[in-house]
Amino acid sequence: MSVVAFFMLLLVVHCFAQNAPRQLFGFGLNSYGQLGADPTNLPQLMTPARLPFAATGDAPVVSVATGQSHTLILLGNGRLYALGDNSYGQLGIGSQPAYVFEPVPVVALAAVNVTAVGAGAYHSVALAATGELYTFGANGRGQLGLNETVDRRFLP
């Protein structure tokens, strides 16, 4: 596989590689489905496996951010998708389900042109083209930048 882009956070135990604009390959720990596979069947992937992600349409994947057990996928059209652990609302999809193993759209940001994404262990950050910053997930240490430490913010 010729890797065009490689995304990895050393403290996280799952990774993604991209070999074409619409093809992502994940490997490592998959305990919450953060690699796009059902964790009851595949708790870890020892070799790269293609993420089944049909939602890209004509938009290429431009960025991937990985947290402790969740993944954010940003498309070239500004749409954001998430999968994996949602215990702290880090997927931006509300409080339920607790985890998802297929990429789901972050509906609260559907009308926002997201240009960059980032992920901490249990929180997520999305930057809009307008310069607005959206944060969601764990906030026990103030990592969402909201001047408070109320935990579990489930929506951006």
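Let's start with Q90, which is buried at 0% relative accessibility. Keep in mind that this is a predicted model. From Q90 we move to the largest nonpolar core, with its 29 residues, and then to S69, another buried residue, at a relative accessible area of 7%.

**Q90 and its surroundings**
- Q90 sits in the loop that runs between β7 and β8 (99-105).
- Its side chain comes to 3.3 Å from the backbone oxygen of D85.
- A polar atom of the Q90 side chain is also 2.8 Å from the backbone nitrogen of Y88.
- Beyond residues up to four places away in sequence, Q90 touches H70, L72, D85, Y122, H123, S124, F136 and G137.
- Q90 counts as buried because its relative accessibility, 0%, falls under the 20% cut-off.

**The largest nonpolar core**
- Within this core of 29 residues, I73, L80 and L109 have the most contacts.
- Two or more core residues come from each of β5, β6, β7 (80-85), β9 (114-119), β10 (123-128) and β11 (133-137).
- In soluble globular proteins, nonpolar side chains tend to be buried together.
- L109 has its own set of partners: setting aside residues up to four places away in sequence, it touches R79, L80, V114, A126, Y134, F136 and P156.

**S69 and its surroundings**
- You will find S69 in the loop between β5 (61-66) and β6 (70-75).
- Apart from neighbours within four places in sequence, S69 is in contact with H14, S31, Y32, Q34, G84, D85 and A121.
- D85 is thus worth a look from both sides, as a contact of S69 and of Q90.

Notes
Residues numbered from 1 in each chain as written. Predicted model: local features only at pLDDT ≥ 70, side-chain atom pairs only at ≥ 80, totals over all residues. Heavy atoms only, no water. Helix = DSSP H or I, 4+ residues; strand = E, 2+ residues; numbered from the N terminus. Buried < 20%, exposed > 50% of the residue type's maximum accessible area, 1.4 Å probe, protein only. Contact = heavy atoms within 4.5 Å. Core = buried A, V, L, I, M, F, W, Y, C linked by side-chain atoms within 4.5 Å. Polar contact = N/O pair within 3.5 Å; in protein donor to acceptor, adjacent residues only side chain to side chain.
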